[in-house]
Amino acid sequence: MTQYILRRLLLMIPVAFLVSAIVFVLLRITPGDPVLVYAGEERDPVALEALRHEYGLDQPLPLQYVVWVEHAIRGDLGRSLRTRQPVTQAILERLPKTLELGVAALIISVGVALVVGTLAALRRNSPLDLIATGFTIAGVSLPNFYLGIILILVFSLAFRVLPPGGYADFVTDPVDNLKRLILPAITLATASLAINLRQVRSSLLDVLSQDYLRTARAKGLGERAVVLRHAMKNSLIPVVTIFGLQIGALLDGAIITETIYFWPGVGRLAVDSIGGRDYPVVQAIVLMSALAFMVSTLAVDILYVWLDPRISYGRRTG
Amino acid sequence: MRSARYLLAFLASFAIVLTACSQQPSGGNGCPAGASPPCTSTPPPAAGKPTYGGTITFALENDVVDFDPMRSRAFVDRNLHYQIFDSLVRIDPTGKIIPWLAESWETSSDGKQVTFKLRKDVKYHDGTAFDAASVKWNIDRYRTTQGSQRASDLAPVASVDAVDQYTARFNLKAPYSPLLATLVDRAGMMLSQKAVEAGGADFTRKPVGAGSGPFRFVEAVKDDHITLEKNPDWWGKDKDGNKLPYLEKIIVKPIVEGTVRTTNLRTGDALVANNIVGKDVESLRSDPSLVYSQGPNYGFDSIYTNRKKGAAFEDGRYARAVSMAIDRQQIADQIFYGTRTPGYGTIAPSHFAADPTFKPFEKADPAGAKALIQQIGKPLQFEMLVTAGSAQDLQVAQLIQAQLLKADIKMDIKSLEFAQILTLQDKCDYQGATLIGWSGRVDPDGNTYSHIYTGAPNNSSCYSNAQVDKLLDETRATSDEAKRKAAFRAAEQIYVVDDPARVWYLFRTTQLATAKRVQGLVPYPDGLIRFDVGWLQK
């Protein structure tokens with residue numbers, strides 16, 4: 001098992017290289033000149049040329065990549081073309097905020113999905129099941145940007161119970177921080193909640209119809225024990241797969257939500273940087289996002305072993 | 001049966017959402033929706049005596065990119081520059097140039113020397129004194145630093161001399177009448193050498209101690225907030241001789257989404273904003289806790305019609321036909337809800353050279369356009385590039401498309417990424433047309449020369465007209481206001497009507513939306529707020 005984890009971790013290095021090379025090439029072949037974007041209304045050709053030189057964009061492409069890799073290995077991801085802020089600092093400054101939002105959304109999404117999904121599966125076709133299904137359809141159908149603005153109009157403008165976006169530092173003002181977290185977290189959670197809820201419900205329904213549960217009931221076990229100890233754990237494998245993918249997507253899933261609620265996270269940084277061809281920032285974010293995906297799939301694979309003892313990554317001993 | 005129940009459940013949940021969003025405010029004051037002519041209003045006179053103290057939250061349409069005026073390229077940056085930095089001269093709300101760090105100035109008879117007498121009571125936020133040597137250092141920095149965005153603004157300056165401690169002389173390569181107007185903005189902003197040098201590569205994000213203006217930079221967290229605090233040692237005074245500024249603190253919040261900006265005003269989470277989406281104006285006007293005002297602005301909106309050889313508008317008469325066929329009032333009303341007004345060129349209504357009777361295409365004339373194209377012989381069909389993701393640009397393009405159809409002009413809309421359009425514009429490598437806005441400059445020169453002159457950087461329609469170039473050179477060489485006015489107007493008749501460089505269709509307005517208790521702020525034609533005179537009612 002330990003060996004398996006180590007091997008997976010080592011594999012991440014060539015994958016990271018590959019990702020960085022692909023992103024590097026993709027970015028440069030996408031039409032659009034970062035210097036022109038950042039020039040805005042000031043298009044003096046001499047100043048533009050000087051900027052291009054300062055950013056090293058007048059160098060041949062392979063050389064630009066080698067320089068970038070050289071610096072990256074030493075932990076220097078360069079400076080943003082647009083703001084001159086060191087890329088590492090720009091990302092580290094935002095990462096905790098995106099994580100806070102993402103984790104809150106995940107807790108809402110997973111928590112509600114597990115509880116409501118289980119109840120819906122147990123009381124199939126009951127009013128609760130119907131309401132849950134209705135919300136599922138609405139949740140999947142409502143785009144983030146629409147739901148976000150609706151929530152602001154209702155809770156911030158009509159009822160004035162929650163602030164309309166923005167971020168407050170958790171250390172200096174934890175209450176304000178949490179208040180500002182609620183709406184974006186719900187917005188972000190809704191779409192994945194719908195998927196998770198469906199998944200929990202159908203997966204559990206599937207397991208509930210299996211023979212071994214009939215056996216468990218025949219043994220005289222109470223319904224609670226049957227569901228929680230026997231059915232739940234087995235129904236979780238497909239569910240965990242989906243949760244795992246969502247953790248990986250946390251970083252970039254927040255893009256729209258962060259823009260609506262002006263939450264200063266990595267998602268917004270990504271959008272601005274891609275639109276503005278801010279090469280160093282995009283490269284760093286994609287790399288980080290790829291790493292997050294790799295780590296979360298590894299975590300899911302490890303979870304499988306706990307959920308289903310038949311799965312084993314060690315050398316088979318027969 | 002089961003699917004019917006699903007549908008019911010879905011409809012029920014959707015109904016909740018719909019009820020929530022139909023809650024619109026009713027009744028109210030101010031101008032009616034879609035008022036025409038646009039309802040221009042100034043804020044009510046300040047109520048009572050100004051009081052000191054308080055914090056203002058300012059909702060900005062985007063985060064500041066560069067605090068350093070030398071590197072700054074984005075319009076949005078200037079909203080902060082004007083609070084932190086002082087420039088040599090400024091404008092008053094009518095656009096007239098007024099003394100600021102320079103108390104007076106004098107131009108030599110040959111127009112090649114401009115001498116400024118400086119204020120003696122100015123200190124930068126880091127404690128260093130402002131004097132003529134500082135002026136020289138700043139202007140030289142702007143002129144000679146590699147990659148300086150101000151170098152072209154100051155290209156006509158040959159050198160600066162510190163004549164004595166408080167007298168600075170600009171030596172020009174040739175007479176250059178727009179110099180003063182240039183020094184109103186970033187090219188005239190004065191920074192402390194010590195602070196700039198201490199800031200190093202991070203200076204443009206953290207301009208600590210660098211300005212001499214009414215507010216000091218405290219901190220900036222990217223895309224989150226910027227904090228400024230009162231500079232208690234500022235030299236400015238109000239008309240009663242009281243020290244300015246009144247406000248203790250300004251917190252700037254970048255809110256990109258227009259509707260969310262409006263909501264923040266309405267909930268009181270932001271007290272001031274100066275960029276309001278047209279469709280939201282009515283809801284601000286009808287909100288009793290808010291004041292919305294609107295004034296003239298130097299900015300314009302136009303369509304680059306590619307005049308390069310082989311492009312759709314090589315023959316300038318096609319550009320004139322488009323200009324004739326479009327209905328400017330309809331664009332202003334339907335898409336901008338009166339927050340912009342019909343526009344006819346680069347010289348905005350608040351420029352000294354503006355001719356209020358110059359409205360060459362006031363009424364849409366599709367029949368005339370049709371006749372003109374028949375005269376040319378070949379029907380006009382062209383492609384309009386629109387920034388992908390910009391709903392507003394797409395709306396404008398679609399409306400123009402429909403208007404042109406009445407003149408049998410066929411316009412195809414093609415969406416491209418902003419960065420891509422810029423690259424095509426830069427080399428005039430597009431087939432037909434693209435939309436282009438301009439935030440406006442104090443002197444008509446800043447709105448015109450770089451857009452129209454042969455080979456100039458913002459001349460992305462590749463326009464060239466020798467007569468226009470000659471007239472524009474004239475406007476720079478003479479400082480006689482009457483002569484400049486005549487040359488500007490003669491040039492505008494050519495590049496708008498006789499041999500059009502492109503199609504101008506709107507002038508912008510300066511917007512200012514504040515909570516009622518915010519007092520003292522007035523709209524300036526450059527669109528930027530001066531917080532030094534603002535105060536909060538207790």
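Biologist: Which residue of β10(B) stands opposite B:Thr227?

Modeller: In this predicted model, B:Thr227 stands opposite B:Ile251 of β10(B).

Biologist: What makes β9(B) and β10(B) paired strands?

Modeller: Pairing takes at least two DSSP bridges between two strands. β9(B) and β10(B) are joined by 4 and run antiparallel, so they count as paired.

Biologist: And which residue of β10(B) is the bridge partner of B:Thr57?

Modeller: B:Ile251 again: that residue is the bridge partner of B:Thr57, as well as standing opposite B:Thr227. B:Thr57 falls in β1(B), residues 55–60, a strand that runs parallel to β10(B) with 6 bridges.

Biologist: Parallel here, antiparallel there. What holds such strands together in general?

Modeller: Strands pair through backbone hydrogen bonds, and either direction will do.

Biologist: How do you know that β8(B) and β9(B) belong together?

Modeller: Set the bridges against the cut-off of at least two. Strand β8(B) (215–221) and strand β9(B) (225–230) share 6 bridges and run antiparallel, so this pair passes too. B:Ala220 stands opposite B:Ile226, for one. The two strands form a hairpin with 3 residues in between, and B:Asp223 in that turn has a positive phi of about 60 degrees.

Biologist: Elsewhere in chain B, what is the strand order of the open sheet of 4 strands?

Modeller: The order is β4-β5-β7-β6, with antiparallel pairing. The twist from one strand to the next averages 20 degrees.

Biologist: Why do β4(B) and β6(B) count as edge strands?

Modeller: Each has a single partner strand, so one side of β4(B) (102–107) and one side of β6(B) (157–164) is left without a neighbour in the sheet.

Biologist: How many bridges lie between β5(B) and β7(B)?

Modeller: There are 5, linking residues 113–118 with residues 167–172 in the antiparallel sense. B:Val114 sits opposite B:Phe170 there. As for what packs on this sheet, that's helix α3(B), residues 132–144, touching β5, β6 and β7. The direction of α3(B) makes about 165 degrees with that of β6(B).

Biologist: Over to helix α8(B). Why is this helix called largely enclosed?

Modeller: A residue is buried if 20 or more other C-beta atoms lie within 10 Å of its own. In α8(B) (316–325), 9 of the 10 residues are buried, so the rest of the structure largely encloses this helix. Among the buried ones are B:Gly316, B:Tyr318, B:Arg320 and B:Ala325. The cover includes β12 (290–305), α10 (366–376), α11 (391–405), α15 (481–498) and β17 (502–515) of chain B.

Biologist: What does B:Ala325 touch, beyond residues up to four places away in sequence?

Modeller: Its contacts include B:Ala364, B:Pro366, B:Ala369, B:Leu404 and B:Ile409. B:Ala325 is also one of the residues that touch the most other members of the largest nonpolar core, which holds 211 residues. B:Ala321, B:Val322 and, from the other chain, A:Ile285 are on that list as well. The helix that gives the most to this core is α8(A), residues 174–208, with 13 residues.

Biologist: Now A:Leu291 in α13(A). Buried, exposed or partly exposed, and how do you know?

Modeller: Buried takes 20 or more neighbours, and exposed means 12 or fewer. A:Leu291 has 16 C-beta neighbours inside 10 Å, so partly exposed is the verdict. The residue is found in α13(A) (279–307) and, leaving aside neighbours within four places, is in contact with A:Met12 and A:Ala16.

Biologist: How many helices and strands does chain A have?

Modeller: 13 helices and 0 strands. Of its 318 residues, 39% are buried. The C-alpha trace spans about 85 × 65 × 40 Å along its principal axes.

Biologist: Last one: how many residues of chain B are in contact with chain A?

Modeller: 51 residues of chain B, meeting 53 of chain A. α1(B) gives the largest share of the chain B side, with 10 residues. That side divides into 23 nonpolar, 16 polar and 12 charged residues.

Key
Residues numbered from 1 in each chain as written. Chains lettered and ligands numbered in written order. Predicted model: local features only at pLDDT ≥ 70, side-chain atom pairs only at ≥ 80, totals over all residues. Contact = placed C-beta atoms within 7 Å. Nonpolar A, V, L, I, M, F, W, Y, C, P; charged D, E, K, R; others polar. Axes fitted to C-alpha atoms, helices over the stretch in contact; angles between N-to-C directions. Core = buried A, V, L, I, M, F, W, Y, C linked by C-beta atoms within 7 Å.
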